[in-house]
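Biologist: I'm new to this one and would love a close look at a single part, the aromatic rings and what lies around them. Could you take me through it slowly?

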Amino acid sequence: MAASAWGATTPGNISADDVTLGGFDSDAYVFADGWNPHAGPNGDTSGFGTAFDSYGSGPWSLLDKYDMSAAFNNTGVLKFGFAMSSGTAGTWSVHNSGAANMVLDLVFAMHAGDGGAGFLFDNQAINGGQTLNGTWRIEWFTGNNNANPDFSNLSMFARDIAAVPEPGEYAMLMAGCGVLAWLARRRRAQ
């Protein structure tokens, strides 16, 4: 009865540029009516299900959650920030607190009204010690008046996480291989 009186949650004007990171729009997005990515202790990825499969492989892992009563735990190497300038827009950030550069598939999954949206950043590079800043806005509709619902909660998911060697590490690897080749050649000569 309430759903018919107020109207359903619909995609509205949602697009990939609704969430940015490091000055770039998300690579892909998905909207699902009735989906709350914040649900359960490990979050709920059912709203984006297989929609992001062509961008990578493997299972998604919950990195952190945020809602109006509890801020991010920030217990991992990636530390997240979140701020609202209104109920439907604001900023966010991700900081790599480790020394190693990393590349990962990152999903910013937000719930508002009775719907949720996931925004994918495919093969997102975050250098050791680097902070990337971004923006977010809610442009899906809820109710018969096509209003944008206010933010409810956010979950961050990742997969395909890989550490990327520093250029100096490649030089050390090549030097080590050179020493091994020299030792092998010397051994054969004797």
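Let's start with one ring: is Y66 buried or exposed?

Modeller: Buried, in this predicted model. Y66 has a relative accessibility of 16%, and anything under 20% gets called buried. Now for the rings in general: the count comes to 15 aromatic pairs. Let me show you two of them.

Take F31 and W140 to begin with. Their ring centres are 5.7 Å apart and the planes sit at 50°, so this pair goes down as tilted. What I like here is how the pair links distant parts of the chain: F31 is in strand β4, W140 is in the loop between β10 and β11, and 109 residues separate them. F31 is buried, at 16% relative accessibility, and W140 is buried too, with a relative accessible area of 0%.

Now back to your ring. Y66 pairs with F82, and that pair is tilted as well, with 4.7 Å from centre to centre and 45° between the planes. Y66 belongs to strand β5 and F82 to strand β6, so the pair ties together parts 16 residues apart in sequence. F82 counts as buried, at 15% relative accessibility. And the chain of rings carries on from there: ring pairs join Y66, F72, F80, F82, W136 and F151 into a cluster.

Follow F82 a bit further and you land in the largest nonpolar core, which has 29 residues. F82 is among those with the most contacts inside it, along with W92, F108, M110, W136 and L154. In soluble globular proteins, nonpolar side chains tend to be buried together. Several strands chip in here: β6, β7, β8, β9, β10 and β12 each supply at least two residues of this core. The largest share comes from β8, with six residues.

F108 is a good spot to zoom in on. Leaving out residues up to four places away in sequence, F108 touches V19, F82, W92, A117, G118, F119, W136, L154, S155 and M156. Apart from this core there is another one, of 11 residues, including F48, V107, A109 and F157.

Next, the strands behind some of those rings. β6, β7 and β10 form an open sheet in that order, with antiparallel pairing. β6 (78–86) and β10 (131–137) are at the edges and have a single partner strand each, so one side of each has no neighbour in the sheet. On average, neighbouring strands here are turned by 20° against each other, ignoring direction. Between β7 (residues 89–96) and β10 there are seven bridges. One you can look up easily is at W92, whose bridge partner in β10 is G134.

For contrast, hop over to the loop between β4 (28–33) and β5 (61–67), where you'll find P59. P59 is exposed, with a relative accessible area of 69%. Even so, P59 has contacts from elsewhere in the chain: not counting residues up to four places away in sequence, P59 touches A158 and R159. Have a look at D160 as well, which is 101 residues from P59 in sequence but 8.5 Å away in space, C-alpha to C-alpha.

Conventions. Residues are numbered from 1 along each chain as its sequence is written. This is a predicted model: local features need pLDDT of at least 70, side-chain atom pairs count only at pLDDT 80 or more; totals for chains, interfaces and linings use all residues. Side-chain values use heavy atoms; hydrogens and water are left out. Two strands pair if DSSP finds at least two bridges between them. Helices (H or I, at least four residues) and strands (E, at least two) are DSSP runs, numbered from the N terminus. Axes are lines fitted to C-alpha atoms, for helices over the stretch in contact, and angles run from 0 to 180 degrees between N-to-C directions. A nonpolar core is a set of buried Ala, Val, Leu, Ile, Met, Phe, Trp, Tyr and Cys residues joined through side-chain atoms within 4.5 Å. Buried means under 20% relative accessible area, exposed over 50%, partly exposed in between (1.4 Å probe, protein chains only). Contact means heavy atoms within 4.5 Å. Rings of Phe, Tyr and Trp (its six-membered ring) pair if their centres lie within 6.5 Å; planes under 30 degrees apart count as stacked, over 60 as edge-to-face and the rest as tilted.
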